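User: Can you walk me through the ligand site in this one?

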Amino acid sequence: FRASSLAASTRYFVLPSRLLSTLAVLEHKGGKVLPQSLPVITAATRFGGDVTAFLAGTDAKSVAEQVAKLNGITKVLTVSDRAYDKSMPESYAPLLVENIKQGGFTHVVSAHSAFGKNIMPRLSALLDVQQISDVTEIKDEATFVRPIYAGNAIATVKSLDNIKILTIRGTAFPPAEETLDTAAIEESSINPKAPCPTEWISESLAKSERPDLGTATKVVSGGRGLKDKENFDKLMPPLADALGAAIGASRAAVDSGFADNSLQVGQTGKVVAPQLYLAVGISGAIQHLAGMKDSKVIVAINKDADAPIFQVADLGLVADLFAAVPELTEKLNAG
Ligand code: FAD
């Protein structure tokens, strides 16, 4: 790991925790800190040193008041500037670089979300260090565990960089909770206002009343076994509503147009670890398992008793989904 930048002069020392300080880069929207940022704070506390939460954008100060009450935060650093409202990496990464230099942070942690995946690689390049992605365990200040090959192998990697830049898998760390203490909030004086050559024009988000797929405690996912979009729309929403679950889908279902791209679970979709994952008409390809195998209880409905999904399922029903799903939905609704 990191052989390419391992200069002959590089020395590796284990620093005492008092010399460590971590910047937790948090996401917010609509005046609220986003759920995917709460495990970031927990991960940041694992290094043992001070944890500074970082928030940028128009709402940074009001969000800081919520964040200051979360367990493990030493200080909240804000940059109240609308230039960072859309978290454009071209301007956000230089903002982080200057604040990291000023604060002397040894670790920078963000979620392995679209935000983190957008900003942290650019930040790492600007600092000339290697990013460590999708971390599921922090062994010590320099040693991290992360899945590779779509979760088929687990690598333990050691970073020799002077600043460690991490994105963490949210499902691997518990969310930070509120405490009675309140951390100090400080407006940063460092705002390089790097020019952003990219203009934010608009965004179009899939709206849903159901729980968010990434953080839901229950997920029901549909696969190619549902045959078409009409069946998906007829069977999956009532099942999800009966359980109070979010809806997910396999890539085959997404590629066939049964479900929106944002619902894809797996290697190239979302990684979820709910209390309950119910797979309907999904074979259980490794790329799908990469996104859901850490779920607490996995239930599968498939007509093929040899489908690989049954190898990871805690409960399996070998049945035709077109009979089983309406019956299950009806029984759940009957209470
Ligand atoms: P299928 O494999 O076709 O399975 C359908 C299942 O439905 C079968 O097991 C069948 O027995 C069952 N079935 C059919 N009819 C019925 C019925 N009436 N009642 C009950 N059961 C029935 N896939 C993902 O899901 N997520 C990813 O992120 C992802 N990323 C990928 C990345 C790469 C680089 C590659 C190469 C592939 C990726 N894939 C991903 C695709 C993956 O390999 C599979 O092709 C896909 O997961 C299959 O989806 P499926 O299980 O819905 O379909």
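Analyst: Pocket definition up front: on a 1 Å grid over the protein atoms alone, a pocket is an open set of points where a 1.4 Å probe fits, with protein on both sides within 12 Å along at least five of seven lines, and lining residues have an atom within 4 Å of a point. This is a predicted model, where local features need pLDDT of at least 70, side-chain atom pairs count only at pLDDT 80 or more, and totals for chains, interfaces and linings use all residues. Residues are numbered from 1 along each chain as its sequence is written, and side-chain values use heavy atoms, with hydrogens and water left out.

User: Which residues lie nearest the centre of the second largest pocket?

Analyst: The lining of this pocket runs to 28 residues. By class it holds 9 nonpolar, 13 polar and 6 charged residues, with Gly counted as polar and Tyr and Cys as nonpolar. Nearest the centre are Arg224, Ser250, Gly281, Ile282 and Ser283.

User: Where does the ligand sit?

Analyst: "Sits in" needs more than half of the ligand's atoms within 2 Å of the pocket's grid points. The ligand's place is the second largest pocket.

User: How far is the polar side-chain atom of serine 250 from an oxygen atom of the ligand?

Analyst: Polar contacts here are pairs of N or O atoms within 3.5 Å. Arginine 224 brings a backbone N or O atom to 2.8 Å from a ligand oxygen, and lysine 227 has a polar side-chain atom 3.0 Å from a ligand nitrogen. For serine 250, the distance is 2.5 Å.

User: And what share of the ligand does the protein bury?

Analyst: Areas come from the Shrake-Rupley method with a 1.4 Å probe. Alone, the ligand exposes 980 Å², and the buried part of that is 77%.

Note on methods:
A polar contact is a pair of N or O atoms within 3.5 Å; within protein, one must be able to donate a hydrogen and the other to accept it, and residues adjacent in sequence count only if both atoms are side-chain atoms.
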